[in-house]
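Student: I am new to this structure and should be grateful for a close look at one part of it. Would you please take me through a single helix and its surroundings, with enough of the whole to place it?

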Amino acid sequence: MGIVGAVIITKWAYNLLTDSGDILLDIAANRSTANEIVSCLPEDGVTVVTDLYFWKLSSKRLNSQYQKARYTLRVRS
C-alpha cells in the first residue's frame, strides 16, 4: 500500500512541476503569440509598437504590456 501511495504522490508532484515550471521560471511564449498580440492592437498607420512584454499568469492566461511610438514625417521645403 505504501508503494501505491508513493507512485500517486510522485505522479502528482511531476504534473505540478511541469504545469507550473514555465510560470515560475518566466519562460516566454512563442513568437506566434507575440504576433497575435500585436495584430490585436489598433492600427492607424503612423503608430509602431516599440516594446512588447508578455508573461504567463496561469497555464491559460497571459498578461501583456506594450509601448507605442508615433512617427511623423516632416517634409522640408
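Tutor: The secondary structure of this protein, which is a predicted model, consists of 2 helices and 2 strands. Read from the N terminus, these elements follow the order α-α-β-β. The part chosen for the close look is helix H2, which spans residues 31–40.

Some values for the whole protein give the setting. Of its 77 residues, 9% are buried. The protein exposes about 7100 Å², and 57% of that area is supplied by carbon and sulfur atoms. Among contacts with a separation of 6 or more, 26% are accounted for by residues 24 or more positions apart.

Within H2, which residues are buried? They are Thr33, Ala34 and Ile37. Viewed down the axis of H2, these buried residues fall within an arc of 100 degrees, and they therefore line one face of the helix. A general property of helices helps in reading this pattern: an α-helix has 3.6 residues a turn, so residues three or four places apart point the same way. On the face of H2 turned away from the buried side, one finds the exposed residues Arg31, Glu36 and Ser39.

What covers the buried residues of H2? The cover includes strand E1, residues 47–56, and strand E2, residues 62–70.

One residue of strand E1 deserves attention in turn, namely Trp55. Its relative accessibility is 33%, so Trp55 counts as partly exposed, since that class lies between the limits of 20% for buried and 50% for exposed. Setting aside neighbours within four places in sequence, Trp55 is in contact with Arg61, Leu62, Asn63 and Gln65. In the case of Gln65, which stands 10 residues from Trp55 along the chain, the C-alpha atoms of the two are separated by 9.1 Å.

For contrast with the buried face of H2, one may turn to helix H1, which comprises residues 2–24 and contains Ile9. Is Ile9 buried or exposed? With a relative accessible area of 56%, Ile9 is exposed, because the limit for that class is over 50%. Together with Trp12 and Leu16, Ile9 makes a nonpolar surface patch of about 360 Å².

To return to the chosen part: H2 has Thr33, Ala34 and Ile37 as its buried residues, strands E1 and E2 are included in their cover, and Arg31, Glu36 and Ser39 are exposed on the face turned away.

Definitions and conventions. Residues numbered from 1 in each chain as written. Predicted model: local features only at pLDDT ≥ 70, side-chain atom pairs only at ≥ 80, totals over all residues. Heavy atoms only, no water. Patch = residues over 30% accessible without salt bridge, like charges linked within 9 Å, V, L, I, M, F, W, Y side chains within 5 Å. Areas by Shrake-Rupley, 256 points an atom, 1.4 Å probe, with all protein chains shown as cover. Salt bridge = Lys/Arg side-chain N within 4 Å of Asp/Glu carboxyl O. Helix = DSSP H or I, 4+ residues; strand = E, 2+ residues; numbered from the N terminus. Buried < 20%, exposed > 50% of the residue type's maximum accessible area, 1.4 Å probe, protein only. Contact = heavy atoms within 4.5 Å. Arc of directions from axis to C-beta.
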